[in-house]
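The following exercises are to be worked from the coordinates. Please attempt each task before reading its solution.

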Amino acid sequence: MFIHRSSCISPQHTFGNVDMDTCVIPENNILKVIEPKYAGIPLNILRRMGKAVRLGVGAALPLLTGSEKPDGVIIGSANGGMEDCVKFLNQIIEYEEGRLTPTNFVQSTPNAIAAQIGLTTSNTGFNITHIHRGLAFENALLNAIIMLRENKNASYLVGGVDEVSSYNYNLERLDGWYKKEKVTGTDLYDSSTEGSIAGEGSAMFIVGNRREGSFMEVRGIRMLHTDDPFEVSTQLREFIAEHGYHDAFLSGENGDVRIQSFYNSCENILDPEIVKLHFKHFTGEHPSTTALALWLAVRFIETQQIPEHFIKGPAISKPLKNILIYNTGKGEQHSFLSLSFVDH
Amino acid sequence: MGRVVVTGMGVISALGDSVLSNHDALVKGTCGISKGDLVRSKYTDNLLFGEVKIENERFKSLFNTKNPGVTRTSLLALHAIEEAIKDSGLDNTQLSTYDTALIGASTVGGMCQTDELYNDAKSETTGSVYMASYDCASVTLFLRERFGIKGVINTINTACSSSANAIMYGAQLIQNGFAKRAIVGGVDSLAKFTINGFNSLGILSPGYCKPFDKDRNGLNLGEGAAFMVLEREEDVKGKKYYCSVAGYCNANDAFHPSSLSENGEGPYQAMKGALQKANLLPSSIGFINTHGTGTENNDEVESKAMIRIFENVPPFASSKSKIGHTLGASAAVEAVFSILALHHGEVYPGLNFSNCIESTMLIPVRNTENKKLDHVMSNSFGFGGNCTSLIFSKD
């Protein structure tokens, strides 16, 4: 599967005028997105959209402007329209199940992002939303690979979106997934405490079987559910054997001491000269960060410019062509992604 | 790659807690809809529901689960998946290989604990036992852990067509070599959240829902779960199977967030695409399990879309007149009903029908009849224009 176009709204300057060198610093350990002006969305519709829907439609629209229309929309989002969900929930309890307005209810369904993209662009093709927590976006990618095997000439919009809502932020906070001490950037990786920093974002891709016009091929994807770091590294070894050499390893490490062992056990089986990269100081932690990591990998390969703050070591000595992404959702859900530069 | 076949099924609905009891009720034309006994809502006493009359505590002792954070949604799902696995004869070794996939679907997930969620979302200091159980993925993860399943695990939400897409995704995983077998299905339990949601849209019927009737006035909410075991035909030589998953198609109506377009473009594309995938002419479909919610909008649009595709619309009925609209579970529960029809050569009636919709003049099946069936279609349409049709074939 080849990636043809990509777009990303994140807490950093990734949309419009991209600037990867400056890092926006988290505020109270939350990295909130820099929302664009959403020029393509009519104001009356924009007003009714929840944040996750805005982020999804906003990142997707720049990819859907040409005459080329994808054959479907495939979204991964663990928390979908949770902001609206909680608004509707508040109405139920506070008005004691009285007369309620349905807008928040309709927008609260996790499929609202994919649906709204379909509606906004009059796309009557395949339309689906994967919500499997830390593997929602990975399942969306696998779904795109499958749809492209069954429909050789098709192209799909595939993306991952998650928001920081009052609902999921508070639940994650109570459950101990955010650090108590202040994080200001890459010091995240020096931490020896539990938890990470919160983040949100949306990354969208146009994918197809056509090699022309693409810089990046998705060679393989593997998902895993286990709480055993050894099983993860064993599976990674198999995955690498199947997909060949990688010259960079983009790791989802997030400074949480409880799950660092997964990242360590994977790094330990890699050749020492493989360049280790990390990105969670840039995106924060949320269930769909792999979508943002994929956007970063596309950017790295296309521009061959990788700002220092992403590099863990060793220094880059030659152009990067094959990137391996590993990420875990809370040490329970894991994914490997193998990516290759497309030579023309 | 050969066909994908259904080797096991499990279901729990307002009609019964097994495939056998659901089948008996379908043949008898029983209605499972009643006043709410267990669901807690202001509307429990004055609305009708397709409720499963088994309390959570009974499920918990049945399954010997000590996990305090387990929700009704997970318990219903566990009940159905256990039956499906047993029915297919999958052993623990098969379940725990990297080749076995588990695809769940739900729209309510753990939000059946509506009040607890409200409190946890606001709490400053401590959370309830349900903290990790509110999302829909929690249900699939609970089942995964219980059975030690190691292949592709996923949870899908396309509103009321969610579990149709779980069935489709499972079949696709097998057909494209990402799994040897897939356990697929969906679940939803009655919740204050959805009762108020559908009530705010004004589409809950004050009485029994009347799918395809001229005077239909809304839907009854229901709850339930169904799972099916899908395997490759070449792997099940000598083992019983019910049918093959012959066709599927997912399309979007792209018209409105909560209602279907007048001509039913999404439903039309879904049905047409499923026929194409199965390589079948419309005339080979012997029965359609319609989405048939009993709302003003759905039944007329679905009828029009059927008329557009079928020169002679085949016998059809709505299962929702018997179990209510089970939302994320509905496509899986009704897939089981469709497969029972196919397997036993029967068509089951839609209840509470008196007069045709004037613009379409279609009459649903009104009595259980024996009928030779080779192919059945099942429709599921959801908010966000998410339409999916499935076709099951006998041989």
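Two exercises follow, each with a worked solution, on a predicted model.

**Exercise 1.** Determine whether strand S4 (residues 100–105) of chain B is enclosed or not, and identify which strands pair with S4(B).

*Solution.* Step 1: take the two faces of S4(B) in turn. B:Thr100, B:Leu102 and B:Gly104 lie on one side and are buried, and B:Ala101, B:Ile103 and B:Ala105, on the other side, are buried as well.
Step 2: draw the conclusion. Because six of the six residues of S4(B) are buried, the strand is largely enclosed by the rest of the structure.
Step 3: list the pairings. Strand S6 (residues 181–188) of chain B pairs with S4(B) in the parallel sense through four bridges; B:Arg181 is the bridge partner of B:Thr100. Strand S5 (residues 153–156) of chain B also runs parallel to S4(B), joined by four bridges, with B:Thr155 opposite B:Gly104.

**Exercise 2.** Check the span of helix H3 (residues 82–94) of chain A, and state what covers its buried residues.

*Solution.* Step 1: compute the expected span. With 13 residues at 1.5 Å a residue, H3(A) should span 18 Å; the end C-alpha atoms are 18 Å apart, so the two values agree.
Step 2: identify the buried residues. These are A:Met82, A:Glu83, A:Asp84, A:Cys85, A:Val86, A:Lys87, A:Phe88, A:Leu89 and A:Ile92.
Step 3: find the cover. It includes helices H2 (51–60), H4 (103–108) and H7 (166–174) of chain A, together with helices H5 (114–122) and H8 (192–200) of chain B.
Step 4: inspect what follows the helix. After H3(A) comes A:Glu96, with a positive phi near 45°.

Note on methods. Residues are numbered from 1 along each chain as its sequence is written. Chains are lettered from A and ligands numbered from 1 in the order in which they are written. This is a predicted model: local features need pLDDT of at least 70, side-chain atom pairs count only at pLDDT 80 or more; totals for chains, interfaces and linings use all residues. A residue is buried if 20 or more other C-beta atoms lie within 10 Å of its own, exposed if 12 or fewer, and partly exposed in between; C-beta atoms are placed from the backbone. Two strands pair if DSSP finds at least two bridges between them. The expected span of a helix is 1.5 Å times one less than its number of residues. Two residues are in contact if their C-beta atoms, placed from the backbone, lie within 7 Å.
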